[in-house]
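Me: I would like a close look at one part of this model, the contact between two of its chains. Please treat it as one connected account.

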Number of protein chains: 6
Amino acid sequence: MDFELQRIVQAALREDIGTGDVTTLSTVDPATVSQAELVAKEEFVQAGIEVAERVFSTLDPDISFEALVADGQAVKRGDVLAWIKGPAAILLQGERVALNFLQRMSGIATLTAAFVREIEGTGATIVDTRKTMPGLRLLDKYAVRAGGGTNHRTSLYDGVLIKENHIRAAGGVKAAIERARKRIPHTLKIEIETTALEEVSEALEAGADIIMLDNMGLKQMEDAVALVDGKAQTEASGGINLETVRAIAETGVDLISVGALTHSSRAVDISMLFES
Amino acid sequence: MDFELQRIVQAALREDIGTGDVTTLSTVDPATVSQAELVAKEEFVQAGIEVAERVFSTLDPDISFEALVADGQAVKRGDVLAWIKGPAAILLQGERVALNFLQRMSGIATLTAAFVREIEGTGATIVDTRKTMPGLRLLDKYAVRAGGGTNHRTSLYDGVLIKENHIRAAGGVKAAIERARKRIPHTLKIEIETTALEEVSEALEAGADIIMLDNMGLKQMEDAVALVDGKAQTEASGGINLETVRAIAETGVDLISVGALTHSSRAVDISMLFES
Amino acid sequence: MDFELQRIVQAALREDIGTGDVTTLSTVDPATVSQAELVAKEEFVQAGIEVAERVFSTLDPDISFEALVADGQAVKRGDVLAWIKGPAAILLQGERVALNFLQRMSGIATLTAAFVREIEGTGATIVDTRKTMPGLRLLDKYAVRAGGGTNHRTSLYDGVLIKENHIRAAGGVKAAIERARKRIPHTLKIEIETTALEEVSEALEAGADIIMLDNMGLKQMEDAVALVDGKAQTEASGGINLETVRAIAETGVDLISVGALTHSSRAVDISMLFES
Amino acid sequence: MDFELQRIVQAALREDIGTGDVTTLSTVDPATVSQAELVAKEEFVQAGIEVAERVFSTLDPDISFEALVADGQAVKRGDVLAWIKGPAAILLQGERVALNFLQRMSGIATLTAAFVREIEGTGATIVDTRKTMPGLRLLDKYAVRAGGGTNHRTSLYDGVLIKENHIRAAGGVKAAIERARKRIPHTLKIEIETTALEEVSEALEAGADIIMLDNMGLKQMEDAVALVDGKAQTEASGGINLETVRAIAETGVDLISVGALTHSSRAVDISMLFES
Amino acid sequence: MDFELQRIVQAALREDIGTGDVTTLSTVDPATVSQAELVAKEEFVQAGIEVAERVFSTLDPDISFEALVADGQAVKRGDVLAWIKGPAAILLQGERVALNFLQRMSGIATLTAAFVREIEGTGATIVDTRKTMPGLRLLDKYAVRAGGGTNHRTSLYDGVLIKENHIRAAGGVKAAIERARKRIPHTLKIEIETTALEEVSEALEAGADIIMLDNMGLKQMEDAVALVDGKAQTEASGGINLETVRAIAETGVDLISVGALTHSSRAVDISMLFES
Amino acid sequence: MDFELQRIVQAALREDIGTGDVTTLSTVDPATVSQAELVAKEEFVQAGIEVAERVFSTLDPDISFEALVADGQAVKRGDVLAWIKGPAAILLQGERVALNFLQRMSGIATLTAAFVREIEGTGATIVDTRKTMPGLRLLDKYAVRAGGGTNHRTSLYDGVLIKENHIRAAGGVKAAIERARKRIPHTLKIEIETTALEEVSEALEAGADIIMLDNMGLKQMEDAVALVDGKAQTEASGGINLETVRAIAETGVDLISVGALTHSSRAVDISMLFES
């Protein structure tokens, strides 16, 4: 992930600093050294502290950055997440970008943790989707893991998920699965989307490894799980929220994928406080 | 913006498709042509339809994409935003990326429009911040405009905003403003952050063009606006939400900057429906 | 693949042309138009004709290139693979790069086809490896498919293959498989390398999806296949050549991976002949 | 070459690791440190040990890599080429890419050395061609030097080689040479391809610096060498192999260019063995 | 600026070194260490010493480079600007690129200083323009500052300058200013080009922050300055040279923009002398 | 050159436009179409009209650009160089970048033409150097050709020029030439720098192809030319200007290299006039 992280951080800094931070360059003596701390302004599960560090170390490799909280840990309002020491001009130039990453990633981890807590004790697993921020998928998926979730495929190249339109284009569930099996690397499983019990049966017969139950009702999901009976994995999908997730998990599905984790989390509140 | 848009769209496609969409490549005949429509699944203000089009045209310049709704327009559940026609394999490969952009951008426009509506009739203007998604600032800021908001500076290079730590490093409000004035291009105004009335006075005397009133109470803001008395622009800032924004606007401030527009909007619900 | 192909072709042209083809620029009138044909100088299975076309169209979008042989087709000495028409200067500048791609890719396809022919009638499948030319993996893997082979995982991100050193680091076959299962996307199967029958048993019990039989003798492989008994896929691996491949296929293994397809194929002989 | 090497190595790692080595990340503790050695599994001439080192140091600058064999040196089966020590996860992620480079480059060096040995004692020099792997020309040419060969021009920009089609386009041998002389930097020599004695004469009269004897028979080559009589360099070219090269060298030509060095060498066998 | 500097320096080195410095690689032992000094061969104001250092440190991070003269300082013929020590091969490969930067930048600083000296005692300020070398704007603008000048906007994104054709397209001075005010970030001032007194009045009334007096005569400029009377900044522009600049400054304008600073400065003479 | 041109033009536009031309975007209706012409404001030799066209066509492929003057042609004040028609917003955004290229390149061509005219009738040739603008070498060298000059090597990779420090490092003139000859591609000539007649003799004996006479007096140059007597090419070098070049040419040297062509030319005056 390191290559990608470096690329993402540099691009974000280039976007924000561009031809120069005119405020800092004109008002702050480059020799002034400052200390600052990243402080939680509310309760959340942290993710992205290494990304924040990378923002500053990219601007100045000699910056000192000490993380006090590990990603995945829950923090309370007032907790100090990290100490940073270095040229004031560097701290000021990196502040916004570091916070933008850390606040988003912690927001995702916090929302994920809420979903995971909600289904505790059921056998289900919360997984993410490809509904991530363009360009930031790796960070989004890392944040999901920090929040206790599990990752679905990264992208279109490392997982097969046959959806309704693939099925139609291939000429049916069975044809689609057979075509896929013949052409994909043998290292990949085959997942297929179903919306009715007949499709579940058909998928099962055709040898699908994972069966997605898309926008099914609770009763229908239970029936589908019973029908599958452990012969494939099952994944509930479609507009699932914190209110509905527990009941879904209790239908016995193996996986519950939640787009909101990454498309509708909000930024948590974190401040960077300079010591006087 | 065109260069940047092209770069952003290509990067997003590369992130999602990488070495190939194994599902589509294995199940869909490249010669199959499909039609699909983008449909609103809830009420919102649209932004990003050109970005969605660019996703498909980047994959295949010959795709046909007809936008039915202009950015900035409000839509109802069920409204068709665009018609798309081209190889099914292309539509399927671009679907998720196009929706990721369109759903985020429309989410920002919708939230912005809510803030703008809330302060209707006051003289204030809603502006955005640099609390945007790393790598997507131009799109985020475009979406704010589509929602009826106005943009603050793009980045650190095209606006001066002297914050508390710049002031301290420069040795006071007056020193900071003077240092900036001497060193920045004469085409830039000087904005400075204040947290108390004395600082407002000091900033005014030093000739600040814009005075940010940071996290002030309503009464304090009113006093600040009275004190400034049109000799500079005033900008309210700090944790402003839909509940508090009207009262703040009524203090008489010129500008209200809202980080939440871009750091905590949620994705609106849009589907891409294939015609059978 | 299109993005990647464009990137690879441009890089190859930049490598070869750089600041300019001093010979062509100084001796050939830019207005001179020529016709040429790509001709097979020996028997082989073609792969890469689209790449060759892309070389010329990248130099000049108006070039006319008509492919007469489809990839995967066998050709005889003297067969014309394609007709090209355009500025002589363009044809001359693209010639070497186009041939470098086409000769290598056809070399891989030809060698793959020889392996595939050798095991005809057995149930085994020839697959490639990651022993490809750095930077050209996608083309190498495409050429394997053109030759009738099947692709193993593309890279380290789209397939799990637990090797001896992973096993040791994880503390044994069972531990390795369990660790992997908990952390990888559920869309990926788990393949594990074994070198002895006890390891095969252990892998099977731990639920491996694919069992690699690494450098085993024929008898040992047969025993392993019998032991696995269809409960997982089996893959023979290790220094397999055209002399040994048939006997290996007859042990009943499902897959036979051959590094030589991409690390030791030779370029086939193709000429670009200009019409006088 | 350093810039280019860095670029090539990073691209190769990005190609192979992409979004992450799912096997290693899920099974190997990042804190585990390992030692490994690169071992020759057959006899060959080594080339590329610095490239192998760069692969690992790019992944982790603190890796320890000690080369025991210098490029250009012949090794026997069992010889240890280098010791490597560092995090097991790094060694495992870099292994395949490092070997892909080292095995190809050593393959080229070994084949080059065979040609060089074959013509020992004659005055001729073995040179390479532009028939290299797209994107890897610098490494291919380095490997040729490691094997005792000499490099022809790198690319189209640093050497003039007027071929049959340039001659035709320019209106004859004399016209082509004159046009080139007038337009190329004076730091470049002019080489021209000939296929018959009359062309050799004509080239000589027109002042060619180097005369390529393309696909001539042995007798014809001898005559050409006699005709040239030291007034230009001569280069034999066209399908030359280990069986034919000695006789060609004995015709008295100065240079013998061999495309097979880089288009048809095979990978030598090298293993990376982890210490238990 | 650091990111940009790194990018610019690497591109310049890649341009000059490309696939390798054939002279140095073939004649200089990589182990030979040399010392050299950068020496002024004429009088000038230095700019760019850090860029020169970056050239060498990019080639070899362990090079020792000691700057003896700070940018902005005037030097005499024979002054030593810096000492450099490191591998002779590195010094030789970096020499030309380092000098190309340093000679241009010092040329700009020297010319700027001449303009600044010429208007000493008047209240005017010398500013640069966008007439810079494509790709080198940041360095050109830095050199202007080193010579005592001040920067105008960097580019089209960080300053508004409404020119004649914008005015015409917008439908007049007033309309143009109003349209701009409504749409640009509030952090930017508005500058407008005028060529006659009526336009100056109109611009003033429309609230322009800065009024450019384009190609006006001295008398007209004086009248314009009187008319503006401190209610906006004034900027003289148009073919200004060392002969005319003093009289212009004495008209009372605030700013004088001089394209020649960056489009027509000449390189100063600097040598890199190797110690024997 | 096309690849490189595209890259250079895009970088220049990105540098100037960045996140957007705030002036044009806020004042000019995107639908407004304009016509403009590029007009010479003084006498010069034109170079770069294709680059100017590329600037506009990169912004908008549908722009209409008709060049009226071919590069290399001399123009008078008032001559129209090209007609341009397209969206006013595009013309305004491309104007400065197009002029920056065209004015510099024409400046180089004009200065080169002056040198060429000065030595008319002698046998000498004016050549350029590597003292070009970082990043713009190809354009600088093109402009030299447009002015009637000839190019020296492009960069360090396509020509050998052994300078004083290479000689010292190699252990003398003879050693340096021998080392070079053994290691460089046979397609390159060897040039060596000399400062005294003894060195000229030594270089000649060692077989140098080109002998640079560095900073020699006229008499010394004549003697050197006589000594060389056609057995190598001779190149005068070192601080040559329009006053001294004729006398130098009359010493009989073959080549005269002039750094000032590219390091100290001034921009010629060209305007872009919009039709009312």
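How many salt bridges are there between chain B and chain A, and what else makes up that contact?

Reply: The model is a predicted one. Between chain B and chain A the count is four salt bridges. One salt bridge joins A:Asp16 to B:Arg137, with 2.4 Å between the closest N and O atoms. Polar contacts can be counted across this interface as well: there are 30 residue pairs, both residues at pLDDT 80 or more.

On the side of chain B that touches chain A, the elements giving two or more residues are α1 (2-17), α2 (22-27), α4 (88-118), β7, α6 (164-170) and α7 (173-183) of chain B. Sorted by class, this side has 23 nonpolar, 19 polar and 15 charged residues.

In extent, the contact takes 57 residues from chain B and 57 residues from chain A. Together chain B and chain A bury about 4,800 Å², and carbon and sulfur atoms carry 57% of it. The residues of chain B that lose the most area to chain A are B:Glu15, B:Pro134 and B:Leu156, which together make up 14% of what that side buries.

The two sides can also be compared by superposition. Chain B is superposed on chain A by a rotation of 180 degrees with 0.0 Å of shift along its axis, at an RMSD of 0.0 Å. Of the interface residues of chain B, 100% are also interface residues in chain A, so the copies meet through the same surface.

The contact between chain C and chain D can be set beside this one. A rotation of 180 degrees, with 0.0 Å of shift along its axis, superposes chain C on chain D with an RMSD of 0.0 Å. These two copies are thus related as by a two-fold rotation axis. The same surface serves both copies, since 100% of the contact residues of chain C recur in chain D. Chain C gives 57 residues to the contact and chain D gives 57 residues. The area buried between chain C and chain D is about 4,900 Å², 58% of it on carbon and sulfur atoms. C:Glu15, C:Pro134 and C:Leu156 supply 14% of the area that chain C buries against chain D, more than any other three residues.

For chain C and chain D, four salt bridges are found across the interface. In one of the salt bridges, D:Arg130 pairs with C:Asp16, and the closest N and O atoms are 2.5 Å apart. Residue pairs in polar contact between chain C and chain D number 30, both residues at pLDDT 80 or more. The side of chain C that touches chain D divides into 23 nonpolar, 19 polar and 15 charged residues.

Over all chains, the structure holds 66 salt bridges. Among them is the one between F:Asp16 and E:Arg137, whose closest N and O atoms are 2.4 Å apart. This pair crosses between chains, from helix α1 (residues 2-17) of chain F to helix α5 of chain E.

Aromatic pairs come to nine over all chains. The ring centres of B:Tyr157 and E:Tyr157 are 5.1 Å apart and the planes lie at 75 degrees, so the pair is edge-to-face. In chain B and in chain E alike, Tyr157 sits in the loop between α5 (137-146) and β7 (160-162).

Some chains do not touch. Chain B and chain D have no contact, and their closest C-alpha atoms lie 9 Å apart. Chain A and chain F are not in contact either, with their nearest C-alpha atoms 9 Å apart.

Notes: Residues numbered from 1 in each chain as written. Chains lettered and ligands numbered in written order. Predicted model: local features only at pLDDT ≥ 70, side-chain atom pairs only at ≥ 80, totals over all residues. Heavy atoms only, no water. Least-squares fit on C-alpha atoms with pLDDT ≥ 70 in both. Contact = heavy atoms within 4.5 Å. Buried area = accessible area lost by both parts, 1.4 Å probe. Salt bridge = Lys/Arg side-chain N within 4 Å of Asp/Glu carboxyl O. Polar contact = N/O pair within 3.5 Å; in protein donor to acceptor, adjacent residues only side chain to side chain. Nonpolar A, V, L, I, M, F, W, Y, C, P; charged D, E, K, R; others polar. Phe/Tyr/Trp six-rings, centres within 6.5 Å; stacked < 30°, edge-to-face > 60°. Helix = DSSP H or I, 4+ residues; strand = E, 2+ residues; numbered from the N terminus.
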